[in-house]
Amino acid sequence: MAFLKVENLSMRFGGLAAVSKVSFAVEKGQIFSIIGPNGAGKTTVFNVVTGIYEPTEGDIRLDGKVEATPFTLLRLLAWTAVGILTGFVLMMALINVDRFWRATFSSLDRSTITFGRVWNNASGYLTGRLAIVEKGGKWTILDPTRSYVIQSADSEEDANSRLERFEKIVANSGIATIQVVDGEGAIMVGDESLLTLQNQDAASQALEEFRKIEVDRSRRKTFALIGLFGGFAVGFLGAFAMWRRARGAPEVIARGGIARTFQNIRLFHNMTVIENVLVGRDRFYRSGLIGMAMNALGITPEENQNLRVAGDLLRFVGLDAKANMLAKNLPYGDQRRLEIARALATEPRLLLLDEPAAGMNPSESADLMKLIEQIRSRGITILLIEHHMNIVMAISDRIVVLDHGVKIAEGTPEEVRSNPAVIEAYLGKEEVS
Amino acid sequence: MRFPYWRHLAILLLLIYPFSGLESVAIGALATPIGSQLDKLFFYAILALGLNVCVGYSGLLHLGIAAFFGIGAYIAAILTTPSHPFQMEYFTAVALATVGAAVLGVALGAPTLRLRGDYLALVTLGFGEVVKAYFINLDNITRGAEGLTPIPSPDYLNVPLNWLSEALGQGPASFHLHYYLNLTFLVLAVVVLRNLENSRLGRAWVALREDELALTCMGVSATRVKLSAFAIGCGLAGLAGALYAFSIGSVSPTPFDFNLSAITLCCVILGGLGSIDGVLLGTGLLYGFDRIVSPLVDSAMPEWIKQYFTIGNWRLMIFGLALILMMRFRPEGIIPSKRVQRELHEFDAKGGAA
């Protein structure tokens with residue numbers, strides 16, 4: 001079975017097809033080259049293979065497997081947590097967090113604050129319950145937002161019975177009526193007189209207040225529910241979408257064992273050479289945030305271990321003498337080699353080299369060729385884009401030729417060299433005059 | 001590479017400073033001693049170090065750091081002030097303020113992960129303004145424009161820590177308590193950041209600034225790196241805010257505006273982006289000039305000059321001039337960031353370490 005299998009790969013940007021229906025298979029241990037004129041879609045193939053673009057069509061398998069973050073129960077829990085949090089925040093925003101705070105905390109002080117009381121107050125505000133507050137032997141009945149006193153009572157029983165009647169008025173405020181008995185105004189629900197005040201005006205005013213409480217209560221309940229569930233949906237789906245989008249992200253692919261270099265060198269220019277390689281080692285570190293905060297330099301075995309590996313890699317590409325130089329100060333050829341060392345630091349199974357010999361003179365190219373052979377002998381499969389035909393023909397096991405995003409030829413160097421379609425793509429068609 | 005000797009020297013000097021006799025030199029008309037300005041310098045330094053994590057290391061241009069300073073201050077104030085029912089002790093309040101600001105930093109960072117440069121700057125700027133509006137308008141929580149006051153003096157297990165000041169023979173009103181507490185937190189922040197700087201996280205921060213795509217192609221999740229930068233940067237700002245609340249003794253919305261963000265950014269840029277020493281020096285210079293030097297010079301100036309010119313009134317002009325000169329002659333800051341030099345040992349290839 002092929003090690004890297006690219007099948008029917010298409011990549012379109014809007015209407016423009018950069019790559020269409022390209023298939024090829026790389027065997028383990030091969031040096032496999034992709035060549036073609038400029039604009040043939042070679043780098044696009046690399047970008048798709050390393051997850052920078054999501055392919056429009058087709059799939060890419062490394063060792064028979066598509067590299068992607070797996071779905072786990074833990075992820076589901078994390079999305080749920082994000083959803084609940086968003087829901088809570090949105091609910092707070094919709095129910096007026098300031099009044100909520102007053103309803104929850106204003107009646108408490110340090111000696112009376114308990115979780116039960118806080119919960120009671122908070123849920124009372126959300127559901128619009130009237131509240132009883134006891135202070136120094138006096139009971140007062142407050143509106144659900146705890147912003148004004150409805151009535152005072154002398155004993156707890158008295159307060160409770162009044163509260164019960166008021167709740168009844170609020171619940172039935174739509175059908176409650178006012179009756180005048182002996183000049184006093186009474187609020188009636190059905191035949192039951194629930195509250196008597198000094199005259200009719202006062203009673204109708206009070207009923208109006210109760211109606212307001214009822215409207216406020218039902219509105220707040222609706223808002224709280226909309227906030228909670230709407231926020232949950234937004235948070236949950238958002239977290240899911242982020243995961244979905246990042247499933248085949250470059251870091252996931254890199255962790256799966258594919259490393260690459262770039263056509264235009266993309267080193268971390270203001271970091272030293274050794275640090276560039278250490279960034280490549282990142283995925284082998286295990287320490288968490290606390291560990292790192294306690295990590296005085298050079299003390300942890302982990303850091304020393306990776307420093308050692310990085311040093312070996314620099315020695316391998318011949319940069320050990322320049323380990324402490326800034327990457328931007330390296331000569332061009334060394335920058336290319338450092339990029340290769342950085343890619344090797346991730347311990348890839350497949351290495352993608354994008355025009356590693358660009359801008360090199362013949363003797364540098366010869367060195368590079370040797371380096372590529374050495375990398376192969378470490379058991380790493382290599383996928384290469386290159387324009388220097390002497391390099392490509394000398395070291396490739398197999399070559400694919402692309403032109404305008406379409407595969408026009410595939411085979412051993414000899415086969416490709418003599419293929420008329422390839423010659424046409426590079427040199428143009430001979431005109432018959 | 002290790003803690004440089006001059007940092008030890010600086011810490012030592014700061015430790016003995018309150019007993020040097022210099023601390024009580026009064027400044028200008030306010031007659032506040034220099035020492036009581038220094039403890040404020042410490043939390044501004046922590047704030048600048050926090051901003052340095054976002055802007056200096058990770059290259060995330062964060063213009064709303066004052067909001068997180070304010071959030072830390074308000075959390076600490078709400079958790080301790082007598083008008084709210086919590087009245088926690090000092091260290092719990094400081095820890096919760098730090099964590100709260102860090103969480104909010106992540107909450108701001110998560111939806112803006114794909115923004116870079118100017119766009120991120122705009123979002124953070126807007127966030128800062130929104131938070132300030134909240135401080136003013138949430139009357140029941142923040143007491144609106146009048147603010148939360150008083151914030152009690154630091155205590156531990158309900159024992160006021162004032163005995164420390166008294167034991168030092170300075171009386172309860174002295175600045176010594178806040179001076180030493182803030183200095184401790186500053187040293188702690190510097191040590192932690194120094195360690196992080198040379199850990200894999202610090203390297204990932206700098207790599208993120210240099211080239212995000214290359215970083216992700218190395219198998220590092222840029223999302224995590226960014227969020228951790230936000231969390232740690234904003235968390236430090238929250239810590240600074242909590243120390244501010246305790247040192248000043250009251251919190252109101254006005255100080256947490258864009259000016260503070262801008263001046264903090266100036267401290268970071270003046271000192272050197274991404275360099276701890278630089279940021280400390282930058283804070284020392286800007287705030288030191290603002291709080292200590294300019295009142296001292298002003299009070300020493302003869303009356304007839306004062307009619308036309310005081311440094312206090314011209315200080316923003318002087319800041320601007322200093323920054324322009326800086327950008328012209330030394331754009332990388334006074335102490336530019338330097339990468340750590342490492343030794344490569346000879347091993348493995350030749351069999352074992354040499």
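**Sheets, core and chain contact in a predicted two-chain model**

Lys135(A) stands opposite Lys138(A), a residue of S6(A). The model discussed here is predicted, and this lysine pair is a handy place to begin reading it. The hairpin of S5(A) and S6(A) has 2 residues between its strands, and one residue of this hairpin, Gly136(A), takes a positive phi near 55°. S5(A) and S6(A), the latter covering residues 138-142, are antiparallel and paired over 5 bridges. Val133(A) also finds its bridge partner in S6(A), namely Thr140(A).

The hairpin belongs to an open sheet of 3 strands in chain A, with the order S5-S6-S7 and antiparallel pairing. Its edges are formed by S5 (131-135) and S7 (149-153) of chain A, each of which pairs on one side only. From one strand to the next, the twist averages 25°. Helix H5 of chain A, residues 156-171, lies across S5, S6 and S7 of that chain and runs at about 10° to S6(A).

A second open sheet in chain A has 6 strands, arranged S11-S12-S13-S3-S14-S15, and here the pairing is mixed. The edge strands are S11 (258-260) and S15 of chain A, each pairing on one side only. Neighbouring strands are turned against each other by 20° on average, direction ignored. At the S11 edge, S11(A) pairs with S12(A), residues 350-354, in the parallel sense over 3 bridges; within this pair, Ala259(A) stands opposite Leu351(A). Two helices can be placed against these strands. Helix H1 of chain A (residues 42-49) lies across S3 (31-35), S11, S12, S13 (381-385) and S14 of chain A, and its direction is about 150° to S12(A). Helix H12 of chain A (residues 362-377) packs on the sheet as well, touching S3, S12 and S13 of chain A, with about 150° between its direction and that of S13(A).

At the S15 edge, the strands run antiparallel: S14(A), residues 398-403, is joined to S15(A), residues 406-411, by 5 bridges. Leu402(A) has Lys407(A) of S15(A) as its bridge partner. The hairpin of S14(A) and S15(A) has 2 residues between the strands, and His404(A) in this hairpin takes a positive phi near 50°.

On the scale of whole domains, chain A is divided into domain 1 (1-67 + 249-257 + 351-433), domain 2 (74-239) and domain 3 (265-347). The centres of domain 1 and domain 2 of chain A, taken over C-alpha atoms, are separated by 69 Å.

Attention now turns to the contact between the chains. Chain B contributes 39 residues and chain A 49 residues. On the side of chain B that touches chain A, two or more residues come from each of H6 (139-142), H8 (176-197), H9 (200-210) and H10 (212-216) of chain B. The largest share of that side, 7 residues, belongs to H9(B). By residue class, this side of chain B holds 20 nonpolar, 11 polar and 8 charged residues.

Finally, the largest nonpolar core has 169 residues, and Ile46(B) and Ala76(B) are those with the most contacts inside it. Helix H11 of chain B, residues 222-248, gives the most to this core, 16 residues. Domain 1 and domain 3 of chain A each supply at least three residues to the core. Beyond its neighbours within four places in sequence, Ile46(B) is in contact with Phe185(B), Leu186(B), Ala189(B), Leu236(B), Leu239(B), Ala240(B) and Leu243(B).

Technical notes. Residues are numbered from 1 along each chain as its sequence is written. Chains are lettered from A and ligands numbered from 1 in the order in which they are written. This is a predicted model: local features need pLDDT of at least 70, side-chain atom pairs count only at pLDDT 80 or more; totals for chains, interfaces and linings use all residues. Domain bounds come from an automatic or database domain assignment. Two residues are in contact if their C-beta atoms, placed from the backbone, lie within 7 Å. Helices (H or I, at least four residues) and strands (E, at least two) are DSSP runs, numbered from the N terminus. Ala, Val, Leu, Ile, Met, Phe, Trp, Tyr, Cys and Pro count as nonpolar, Asp, Glu, Lys and Arg as charged, and the others, Gly among them, as polar. Two strands pair if DSSP finds at least two bridges between them. Axes are lines fitted to C-alpha atoms, for helices over the stretch in contact, and angles run from 0 to 180 degrees between N-to-C directions. A nonpolar core is a set of buried Ala, Val, Leu, Ile, Met, Phe, Trp, Tyr and Cys residues joined through C-beta atoms within 7 Å. A residue is buried if 20 or more other C-beta atoms lie within 10 Å of its own, exposed if 12 or fewer, and partly exposed in between; C-beta atoms are placed from the backbone.
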